[in-house]
Amino acid sequence: MTLLQTKPNQTERMKMEVERELDGQVTSEPEAGALYRHYIRRVPVIRKSESCLDVLNVFAKDHRIPCVIYCDEADTPAGLIMRDVFYQRMMGRFAVDLYYSKPAFQFADHQPMRVDIFEKVGTLLEWSLQRPDSKFYDCVLITEADRLLGVLTVRDLMSLSSGLQAEAEEKRELILQESYRHTRNIQSSLTEVRTAAARTNSECIRMREWSQTGKEKLDLVRTSYLGLVEDMTKREGQASELAADASRIFSITGMITELANQSSLLAMNASIEAAHAGEHGRGFQVVAAEVQSLAKQTRKLSGDISQLLEHIQRLAADTAKGAVSSLREIQSCEGYVTEGAQMFNEMDNAVQEVQKSGNHVYQLAEETVKRVERVKDELARMNTGGNSIMEESSNL
């Protein structure tokens, strides 16, 4: 049974191996000698006791036997007797008398090519091709721990090489098909990435617009806030000035009250003196009475003014206190306004970075999509049936 006969069964295996390799999965190592184990031929083994006539009889019984192997007492293969070479040696005119009774191991090649079953098939073929012409057609002994398993003929080696080439070609086609399929999937994914990057860029533009609008509105709030702080500061000063003016006016009303008291006292004294003057002081007494009445009205007016000024002072003090409290409340919001402006600036910078990264991703995706497209075209050209690859891949 040859490799070509088992090829249909190996196709699925190779396909699974190719898929695992392309998917990055680790595939298990094949069994040692698995690629050429079923090519190994079992051949007769001779000992020192077998004569050349015995070997000739073995060859005569089965013409399919290519050789016999001489093994020593430890069952280690120690010599190779090829059918054709041995026949040529035994066909001489005096061969019957000279050789037939002699031990056959003396005519064996005691340095045959031996290959362990664990050796790679590539190494096996390489060593076989490097043999000298005199041994090129000799069988290759296959051993396992120095124990003979069998031999490989030149025909077996050629069949093995041909089978490996056919398997390699089939695997190449499978790799091309799977690579094309994976490349197409990559192209689809990159297209989605490119679309997502474009969408991200659009969203970044919208976010920047919102950020700019929010920043402008916050600048207006900040301007209004600064104007309000200035106005409240001005009103606080005006209230303080009003309280000071009211205090000064209050002191003046005190002086007026004192002057009114003095005028009343003088008018009283003048009235007493006018009474002493009798008829002559009557006119003066009228004047004194009017002065005393004027002083009384002045005291009353001064008292009213004082009460009014006290009320104005209280209002001015309350106004100043309220203005100071409001100013402090407004000033406490300055940190929030400043922090809000800083956040808008940071958000705008972050959006710019995201937009820059999105544009970079979009450009990379665009370039990669073009490269993948070229790879797909190259994969199609690498196969002799490029159209069939695409058709088969599209059906997978």
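Q: Where does Thr319 sit?
A: This is a predicted model, and in it Thr319 belongs to helix 7, residues 282-332.

Q: Is Thr319 buried, exposed or partly exposed?
A: Thr319 has a relative accessible area of 45%, so it counts as partly exposed.

Q: And how far is Thr319 from Arg235?
A: In sequence Thr319 and Arg235 are 84 residues apart, while C-alpha to C-alpha they are 8.5 Å apart in space.

Q: OK, switching to helix 2. Which residues are buried there?
A: Helix 2 covers residues 52-61, and the buried ones are Cys52, Val55, Leu56 and Phe59. Looking down the axis of helix 2, those buried residues fall within an arc of 100°, so they line one face of the helix.

Q: What do the buried residues of helix 2 pack against?
A: Three strands and a helix: strand 1 (45-46), strand 2 (67-71), strand 3 (77-82) and helix 3 (83-90).

Q: Strand 3, then. How many of its residues are buried?
A: 5 of the 6 residues in strand 3 are buried, so that strand is mostly covered.

Q: In what sense do strand 2 and strand 3 pair, parallel or antiparallel?
A: Antiparallel, over 5 bridges. Within that pairing, Val68 stands opposite Ile81 of strand 3. The two strands form a hairpin, with 5 residues between them.

Q: What about Asp75 in that turn?
A: Asp75 lies in the loop between strand 2 and strand 3. Its phi is near 60°, a positive value in a residue other than glycine. With a relative accessible area of 42%, Asp75 is partly exposed.

Q: Which other non-glycine residue has a positive phi, about 55°?
A: Ala145 has that value. You'll find Ala145 in the loop between strand 5 and strand 6. Ala145 is exposed, at 67% relative accessible area.

Q: That brings up the sheet with strands 5 and 6. What's the strand order?
A: The order is 4-5-6, in an open sheet of 3 strands with mixed pairing. Strand 4 (114-116) and strand 6 (147-152) are at the edges with a single partner strand each, so each has one side left without a neighbour in the sheet. On average, neighbouring strands here are turned by 35° against each other, direction ignored.

Q: How do strand 4 and strand 5 pair?
A: Strand 4 pairs with strand 5 (residues 140-144) in the parallel sense, over 3 bridges. As an example, Asp116 has Thr143 of strand 5 as its bridge partner.

Q: New topic: Ser128. Is it buried or exposed?
A: Ser128 is at 4% relative accessibility, so it counts as buried. Ser128 is part of helix 5, residues 121-129.

Q: Which residues is Ser128 in contact with, leaving aside neighbours within four places in sequence?
A: Met113, Phe136, Val140 and Leu157.

Q: Last thing, the second largest pocket. What volume does it have?
A: The second largest pocket has a volume of about 360 Å³.

Q: How many residues line the second largest pocket, and which lie nearest its centre?
A: There are 18 lining residues, and Pro66, Met82, Asp84, Tyr137 and Thr153 lie nearest the centre.

Q: Which helix gives the most to the lining of that pocket?
A: Helix 3 does, with 3 residues. Helix 3 and helix 6 (154-277) each supply at least two residues of that lining.

Key
Residues are numbered from 1 along each chain as its sequence is written. This is a predicted model: local features need pLDDT of at least 70, side-chain atom pairs count only at pLDDT 80 or more; totals for chains, interfaces and linings use all residues. Side-chain values use heavy atoms; hydrogens and water are left out. Buried means under 20% relative accessible area, exposed over 50%, partly exposed in between (1.4 Å probe, protein chains only). Helices (H or I, at least four residues) and strands (E, at least two) are DSSP runs, numbered from the N terminus. The arc is that of the directions from the helix axis to the C-beta atoms. Contact means heavy atoms within 4.5 Å. Two strands pair if DSSP finds at least two bridges between them. Axes are lines fitted to C-alpha atoms, for helices over the stretch in contact, and angles run from 0 to 180 degrees between N-to-C directions. On a 1 Å grid over the protein atoms alone, a cavity is a set of points where a 1.4 Å probe fits but cannot get out, and a pocket is an open set with protein on both sides within 12 Å along at least five of seven lines; lining residues have an atom within 4 Å of a point. Grid points are joined across faces, edges and corners, and a volume is the space filled by probe spheres set on the points.
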